[in-house]
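I am opening a fresh notebook page for a structure I have not looked at before. Pull up a chair and read along with me.

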Amino acid sequence: MTLFQAILCGIVYWLGEAQLPFVSLWVIQRPLVCGLLTGIILGDPVTGAVVGATINLVYLGFISAGGSMPADMTLAGVLGTAYAIVGGLDADTALAIAVPLGLLGTIIWYLRMTFDSVFVHMGDRWVAKGEFNKLYLSNLILPEAFSAVICVIPATLGAYFGASYIQTFIDMCAGKPLEIFQIIGGLMPALGIAITLQYIFKGEAKIFLFLGFIIATVSNMSLIEQGIVGLIVAVIYTQLSSNKAAAPAVAAASGGPAIAASQLDPSDPDYDPDED
């Protein structure tokens, strides 16, 4: 790997973390996407997409709530893919190496969140002085410049120097240690799928999970055909749910259902035997 390629890998990592305007954080941040971009930089986009997709399976149930970051999947996608391509690793072995890197990447995230509070107070002082024209500095320029420093430099160094030593590492782990890495990497996607199922396997969604499983295992349809069937089922379910929810509202707006005359008390002044 050349130094220029390593710098480009660092920039990809920064774009996945920076939350720049007009750049979708939740697109580039995914290992499938940043892995593909890393593969393009290193001249092997197919391997980049395959390795990135494998790493992405671990993070299917990924969620960042309240500013917390359980793992840095962008760093795992970029460096894991870079090491796989440069070191000639298979996807499972690269995955076993990438996941610990993702845990280390949380240090960069928390460093950024902590230091960005300085820019918030800087903006507060400008607002107190009525200098609103300077807010773009505290809200965009300074935070993104700091993010570029703490993202590009570590990722570049990790890609450049780590890739040069990855083959030595693989040679040292040849045999049983490497097989253990492969087994661990093969089990990790199951963890990501299991976390995702925790969100799916609830309430009325359970039946659709079993329906999708039957369609996928029994039919000979391709993934695209299964996706179309799933889209059709989702549209039908949404329409039926909307109609079911709208029926009580319509009844309430029209005054409610009519009360049969037989249900009225004859002693009631409003009783009318001729009323239907």
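Below are my entries, one topic at a time.

**Before starting**

I remind myself that this is a predicted model.

**Entry 1: helix 5**

I began with helix 5, which runs over residues 73-87 and has 15 residues. I looked up its span from the first C-alpha to the last and found 20 Å, close to the 21 Å expected at 1.5 Å a residue. Next I asked myself how many of the residues in helix 5 are buried. I found 14 of its 15 residues buried, so I noted helix 5 down as mostly covered. Then I stepped just past the end of helix 5 and met Gly-88, which takes a positive phi of about 65°.

**Entry 2: aromatic rings**

I turned to the rings and found three aromatic pairs in the structure. I jotted down a reminder that a pair of aromatic rings is described by the distance of the centres and the angle of the planes. One of the pairs is Phe-115 with Phe-119, with 5.9 Å from centre to centre and 70° between the planes, an edge-to-face arrangement. I checked where these two sit: both are in helix 7 (residues 106-128), four residues apart, or about one turn of the helix.

Are the two buried or partly exposed? Phe-115 is partly exposed, at 37% relative accessible area. Phe-119 has 9% relative accessibility, and because buried means under 20%, Phe-119 counts as buried.

I then followed Phe-115 to another partner, Phe-146. Their ring centres are 4.5 Å apart and their planes are at 20°, so I wrote this pair down as stacked. The stacked pair links distant parts of the chain, with Phe-115 in helix 7 and Phe-146 in helix 8, 31 residues apart. Phe-146 itself counts as buried, at 17% relative accessibility. Putting this together, I drew Phe-115, Phe-119 and Phe-146 as a cluster linked by ring pairs.

**Entry 3: salt bridges**

How many salt bridges does the structure hold? I found two.

I stayed in helix 7 for Arg-112 and Asp-116, whose side chains meet in a salt bridge at 3.7 Å, N to O. These residues are four apart in helix 7, so about one helical turn separates them. I looked up their cover too: Arg-112 is buried with a relative accessible area of 4%, and Asp-116 counts as buried at 14%.

My second salt bridge joins the side chains of Lys-134 and Glu-131, at 3.3 Å, N to O. Here Lys-134 counts as partly exposed at 30% relative accessibility, and Glu-131 is also listed as partly exposed, at 25%.

**Entry 4: a nonpolar patch**

Last, I went over the surface and came to a nonpolar patch of about 680 Å². I listed its members as Leu-3, Ile-7, Ile-11, Val-149, Ile-153, Leu-157, Tyr-160 and Phe-161. The elements giving two or more residues to the patch are helix 1 (3-18) and helix 8 (135-172). Which element makes up the largest share of the nonpolar patch? I traced that share, five residues, to helix 8.

I picked Val-149 for a closer look and placed it in helix 8. Val-149 is partly exposed, with a relative accessible area of 47%. Patch members need over 30%, so Val-149 meets that cut-off.

Terms used. Residues are numbered from 1 along each chain as its sequence is written. This is a predicted model: local features need pLDDT of at least 70, side-chain atom pairs count only at pLDDT 80 or more; totals for chains, interfaces and linings use all residues. Side-chain values use heavy atoms; hydrogens and water are left out. Patches are made of residues with over 30% relative accessible area and no salt bridge: like charges are joined within 9 Å, nonpolar side chains (Val, Leu, Ile, Met, Phe, Trp, Tyr) within 5 Å. Accessible areas come from the Shrake-Rupley method with a 1.4 Å probe; for residues, only the protein chains shown count as cover. A salt bridge is a side-chain nitrogen of Lys or Arg within 4 Å of a carboxyl oxygen of Asp or Glu. Buried means under 20% relative accessible area, exposed over 50%, partly exposed in between (1.4 Å probe, protein chains only). Rings of Phe, Tyr and Trp (its six-membered ring) pair if their centres lie within 6.5 Å; planes under 30 degrees apart count as stacked, over 60 as edge-to-face and the rest as tilted. The expected span of a helix is 1.5 Å times one less than its number of residues.
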